[in-house]
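Colleague: I would like to go through this model with you and hear the reasoning behind the labels. Could you show it to me?

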Amino acid sequence: MAIRTIRKEGDDILKKKAKPVQEVNAATLALVDDMLETMRSIDGVGIAAPQVGALKRIVVIEYEEDLYELINPEIVEIDGNQVCNEACLSVPGRCGDVDRPFKITVQAMNRAGEIQTHTVDDFMASVFCHEIDHLDGILFLDKARNVQLISDEQLKKRKRERRERARERRRAAGRR
Ligand code: ZN
């Protein structure tokens, strides 16, 4: 595994459409592992292959105890709406409001090459949409309103608060 350089806004690769993975092989898995390691090294929630310089339709998302390794993800169902204030590893220092579905269902291959279906809502639905947009060369900035500057400190505080809320939700669910 290796930590790869995150491509930043202005890099042409972020504007390109990524190609489907034809076969899940050792090179695919090495890329997935590198994406995971790179994302963890900077405390990210999601990363798409073009962000590490690979034009492949692969997304890795990790939040709390949930890890998704999505190869050739396709959104098959959307429901509802939400407005999310988003940031991006490739767009440091900025955030903005983006319209997203509240709930989505995605089909994707896992690392064993099996097709799986995932339904997620709320924050995770926005993360899935944000990352899948990267595979089509779309940055949140292309869709965002009210783009503002955000400091690393503010981003860290926001992550802490989000994790705290997620933990609280799990505790509440456990008590039922
Ligand atoms: Zn992003």
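Modeller: Let me start with how residues are sorted here: Ala, Val, Leu, Ile, Met, Phe, Trp, Tyr, Cys and Pro count as nonpolar, Asp, Glu, Lys and Arg as charged, and the others, Gly among them, as polar. With that sorting, the lining of the largest pocket divides into 15 nonpolar, 8 polar and 13 charged residues. Please keep in mind that this is a predicted model.

Colleague: Thanks! Which residues lie nearest the centre of the largest pocket?

Modeller: Ala87, Cys88, Leu155, Lys159 and Arg162 do, out of 36 lining residues. A residue belongs to the lining because it has an atom within 4 Å of a point of the pocket. The space in this pocket comes to about 890 Å³.

Colleague: Which element supplies the largest share of that lining?

Modeller: Helix α3 does, with 9 residues. At least two residues each come from β4 (82-88), β5 (91-100), α2 (122-135) and α3 (152-175).

Colleague: What makes up the second largest pocket, and how is its lining divided?

Modeller: It has 15 lining residues, with Tyr63, Asp66, Asp121, Met124 and Arg169 nearest the centre. Two or more residues each are given by β3 (66-79), β7 (115-121), α2 and α3. Of these, α3 gives the most, with 4 residues. The lining divides into 7 nonpolar, 1 polar and 7 charged residues, and the space is about 320 Å³.

Colleague: Now the aromatic rings. How many aromatic pairs does a search of the whole structure find?

Modeller: The search finds 2. One of them is Tyr63 with Phe123, with 5.1 Å from centre to centre and 65° between the planes.

Colleague: Why is the pair of Tyr63 and Phe123 called edge-to-face?

Modeller: Centres within 6.5 Å make a pair, and planes over 60 degrees apart count as edge-to-face. The values of 5.1 Å and 65° meet both conditions, so Tyr63 and Phe123 form an edge-to-face pair. Tyr63 sits in strand β2 (residues 58-63) and Phe123 in helix α2, 60 residues apart, and the pair links these distant parts of the chain.

Colleague: Is Tyr63 buried or exposed, and what about Phe123?

Modeller: Buried means under 20% relative accessible area. Tyr63 has 7%, so it counts as buried. Phe123 has 21%, so it falls into the partly exposed class instead.

Colleague: And what makes the pair of Tyr68 and Phe128 edge-to-face?

Modeller: Their ring centres are 5.0 Å apart and their planes stand at 80°, so the label is edge-to-face again. Tyr68 belongs to strand β3 and Phe128 to helix α2, so this pair ties together parts 60 residues apart in sequence. Both Tyr68 and Phe128 are buried.

Colleague: How do you know which residues coordinate the zinc ion?

Modeller: Donors are N, O and S atoms within 2.8 Å of the metal. Cys88 (SG), His130 (NE2) and His134 (NE2) are at 2.1 to 2.2 Å, so they qualify as donors. Water is not among the atoms, so the site may look incomplete. Along the chain the donors follow the spacing C-x41-H-x3-H. Cys88 in strand β4 and His134 in helix α2 are 46 residues apart, and both are buried.

Colleague: One last thing: why do β6 and β7 count as paired strands?

Modeller: Two strands pair if there are at least two bridges between them. Strand β6 (residues 103-109) and β7 have 7 bridges in the antiparallel sense, so they count as paired. Thr105 stands opposite Thr119 in β7. The two strands form a hairpin with 5 residues between them, and Gly113 in the turn has a positive phi of about 80°.

Terms used. Residues are numbered from 1 along each chain as its sequence is written. This is a predicted model: local features need pLDDT of at least 70, side-chain atom pairs count only at pLDDT 80 or more; totals for chains, interfaces and linings use all residues. Side-chain values use heavy atoms; hydrogens and water are left out. On a 1 Å grid over the protein atoms alone, a cavity is a set of points where a 1.4 Å probe fits but cannot get out, and a pocket is an open set with protein on both sides within 12 Å along at least five of seven lines; lining residues have an atom within 4 Å of a point. Grid points are joined across faces, edges and corners, and a volume is the space filled by probe spheres set on the points. Rings of Phe, Tyr and Trp (its six-membered ring) pair if their centres lie within 6.5 Å; planes under 30 degrees apart count as stacked, over 60 as edge-to-face and the rest as tilted. Buried means under 20% relative accessible area, exposed over 50%, partly exposed in between (1.4 Å probe, protein chains only). Donors are N, O and S atoms within 2.8 Å of the metal (3.2 Å for Na, K and Ca); water is not among the atoms, so sites may look incomplete.
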